[in-house]
There are 2 protein chains.
Amino acid sequence: MTQTAHASNSQGKQMLSEQVYAHLRDAIMRGDYAPGDALKPQDLAKEHGVSLAVVREALVRLVGEGLADRLPNRGFAVPAFSDRRWQEIAEARRTIEPVVLRMSIERGDVDWEARVRAAHHRLARTPAYVPEEGEHYSSAWSEAHRVFHRTLLEGCGNPVLLETFDRMWTASELARRWAAQRTPDRDALGEHRRLEEAALARDADTAAEVLAQHLTLTAAALTGCPHQAKEA
Amino acid sequence: MTQTAHASNSQGKQMLSEQVYAHLRDAIMRGDYAPGDALKPQDLAKEHGVSLAVVREALVRLVGEGLADRLPNRGFAVPAFSDRRWQEIAEARRTIEPVVLRMSIERGDVDWEARVRAAHHRLARTPAYVPEEGEHYSSAWSEAHRVFHRTLLEGCGNPVLLETFDRMWTASELARRWAAQRTPDRDALGEHRRLEEAALARDADTAAEVLAQHLTLTAAALTGCPHQAKEA
DNA sequence: ATAACACGGATAATCGATTATTTGTCGAAT
DNA sequence: ATTCGACAAATAATCGATTATCCGTGTTAT
């Protein structure tokens with residue numbers, strides 16, 4: 001390729017470590033591994049057909065995002081969340097997200113309004129999680145759910161705050177994966193609808209209140225249940 | 001070495017990548033490099049007397065923490081902060097920290113009180129930054145400052161929220177490094193004292209208010225000034 | 001019988017070298 | 001004179017192999 005390469009290869013050539021990283025991240029978030037499972041560089045390198053170096057880089061990045069644990073000289077593993085940790089994550093979200101939502105509602109422009117509407121519409125149309133034997137969850141719904149919550153906050157216009165949301169959401173989902181293993185999702189449709197309405201009505205007080213309650217209820221629904229089997 | 005090595009080497013044997021990571025992180029935070037400077041694996045490997053792999057791992061970790069930029073196929077570099085970015089970081093802190101401070105004040109126990117007192121005492125005793133030619137800042141004061149602010153929040157008892165603080169503080173300091181290059185630190189002693197007093201008096205309203213103002217003033221002092229000289 | 005130690009297999013950490021990509025330069029064609 | 005394209009140097013990404021560490025197993029001395 002000697003051409004000036006203004007070619008629009010949107011994602012044609014990626015670093016190997018990037019691909020492996022993405023695959024591994026999705027696998028972990030999807031729940032393909034059990035918490036505590038060892039992530040052996042050699043095995044992963046063979047599976048992906050790459051060298052140890054690229055797997056290693058992917059794992060190091062994962063550790064940085066809390067999606068893998070590292071035990072020096074003992075390898076990498078899928079993180080196992082204690083009940084305590086899960087509660088801490090949920091509390092952090094309850095603490096921060098309502099505040100950011102207020103800011104978002106005060107600042108969001110018309111474009112933001114449109115995106116909120118679209119995100120809510122998409123979420124409402126996506127079939128919710130139905131727990132089935134062996135199956136973990138609906139990733140389509142999970143993604144729509146994430147986008148809805150994130151879009152609500154995006155009106156704040158502050159990338160740093162949104163990065164904070166992203167990190168907490170990731171941790172929250174990872175922890176939820178196992179807590180919700182056997183827990184049918186309660187119907188949060190009503191809450192999401194009220195959230196959208198309050199946001200579009202620029203009613204920050206109500207929106208913040210509904211969001212805090214939404215997060216509290218979700219956490220409560222998952223905290224008490226018999227999750228994280230001690231064995232395996 | 002066949003001995004069981006139960007030796008109490010508190011930190012005697014670390015992974016090389018860990019050491020290089022720490023060195024590099026300190027160097028960047030200390031301002032040894034200029035924003036935009038290339039971080040060349042080969043050079044760094046020679047300087048530290050290690051192979052490319054360990055430098056690479058350190059750099060990848062740094063990128064994950066926002067302490068280095070990565071341009072695919074173009075290497076790593078010291079991050080350069082725009083004025084906009086700096087303001088976003090400052091705003092994020094103003095948004096989140098007062099809320100966490102409230103929680104901390106409501107929950108902190110006597111041990112926390114003692115640590116707040118100690119941290120403030122240490123900060124008050126540490127000579128503040130005095131800008132001199134060629135010299136960047138007093139790392140002793142900077143560290144005492146960080147510990148004071150973090151300790152104030154530690155009463156919240158939530159590691160996730162404290163991790164959030166850590167990330168924002170790191171970003172804030174990195175951005176401030178260059179904004180403050182020529183800016184004498186305004187005297188924040190009084191604000192810190194009032195912060196300590198309000199916290200220990202369990203006056204959450206006042207403390208949150210003082211903190212918000214403290215962060216606003218600090219940001220204002222650094223935002224308007226002629227920082228980030230366009231040339232070298 | 002038990003506990004400390006030594007051996008050996010498995011795997012993590014590191015290294016040195018190879019391959020691929022980018023960037024700058026120089027020359028040819030318009 | 002300017003632009004496009006081929007070459008070359010620099011350096012990023014990747015690989016295959018080496019070295020170091022951990023952990024389980026078996027042995028021996030008390």
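Which residues come closest to DNA strand C? In this predicted model, 17 residues surround DNA strand C, and the closest are Lys40(A), Arg56(A), Leu16(B), Ser51(B) and Arg74(B). Of the atoms of DNA strand C that come within 4 Å of the protein, sugar and phosphate account for 89%. Several of the closest residues are placed against phosphate oxygens of this strand: a polar backbone atom of Leu16(B) is 2.5 Å from one, a backbone N or O atom of Ser51(B) lies 2.8 Å from one, and a polar side-chain atom of Lys40(A) lies 3.1 Å from one. The elements of chain B that give two or more residues to the surface near DNA strand C are α1 (16-30) and α3 (52-64). By class, the residues of that surface divide into 6 nonpolar, 5 polar and 6 charged.

DNA strand D has 18 residues around it, of which Leu16(A), Ser51(A), Arg74(A), Lys40(B) and Arg56(B) come nearest. Sugar or phosphate again supplies most of the contacted strand, with 90% of the atoms of DNA strand D within 4 Å of the protein belonging to these groups and the rest to bases. Polar backbone atoms of Leu16(A) and Ser51(A) are placed 2.5 Å and 2.7 Å, respectively, from a phosphate oxygen of DNA strand D, whereas Lys40(B) approaches a phosphate oxygen of the strand through a polar side-chain atom, at 2.8 Å. Here α1 (16-30) and α3 (52-64) of chain A are the elements that give two or more residues to the surface near the strand, and this surface comprises 6 nonpolar, 6 polar and 6 charged residues.

Between the two protein chains, 23 residues of chain A are in contact with 23 residues of chain B. The area buried between chain A and chain B is about 2300 Å², with carbon and sulfur atoms giving 59% of it. Across this interface 8 salt bridges are found, including one between Arg70(B) and Glu57(A), in which the closest N and O atoms are 2.7 Å apart. The count of residue pairs in polar contact between chain A and chain B is 10. On the side of chain A that touches chain B, at least two residues are supplied by each of α3, α4 (83-107) and α7 (159-179) of chain A, and the largest share, 10 residues, comes from α4(A). The residues of this side of chain A divide into 10 nonpolar, 3 polar and 10 charged.

Key: Residues are numbered from 1 along each chain as its sequence is written. Chains are lettered from A and ligands numbered from 1 in the order in which they are written. This is a predicted model: local features need pLDDT of at least 70, side-chain atom pairs count only at pLDDT 80 or more; totals for chains, interfaces and linings use all residues. Side-chain values use heavy atoms; hydrogens and water are left out. A residue is near a molecule or strand if one of its heavy atoms lies within 4 Å of it. A polar contact is a pair of N or O atoms within 3.5 Å; within protein, one must be able to donate a hydrogen and the other to accept it, and residues adjacent in sequence count only if both atoms are side-chain atoms. Helices (H or I, at least four residues) and strands (E, at least two) are DSSP runs, numbered from the N terminus. Ala, Val, Leu, Ile, Met, Phe, Trp, Tyr, Cys and Pro count as nonpolar, Asp, Glu, Lys and Arg as charged, and the others, Gly among them, as polar. Contact means heavy atoms within 4.5 Å. Buried area is the accessible area (1.4 Å probe) that two parts lose on being put together, summed over both. A salt bridge is a side-chain nitrogen of Lys or Arg within 4 Å of a carboxyl oxygen of Asp or Glu.
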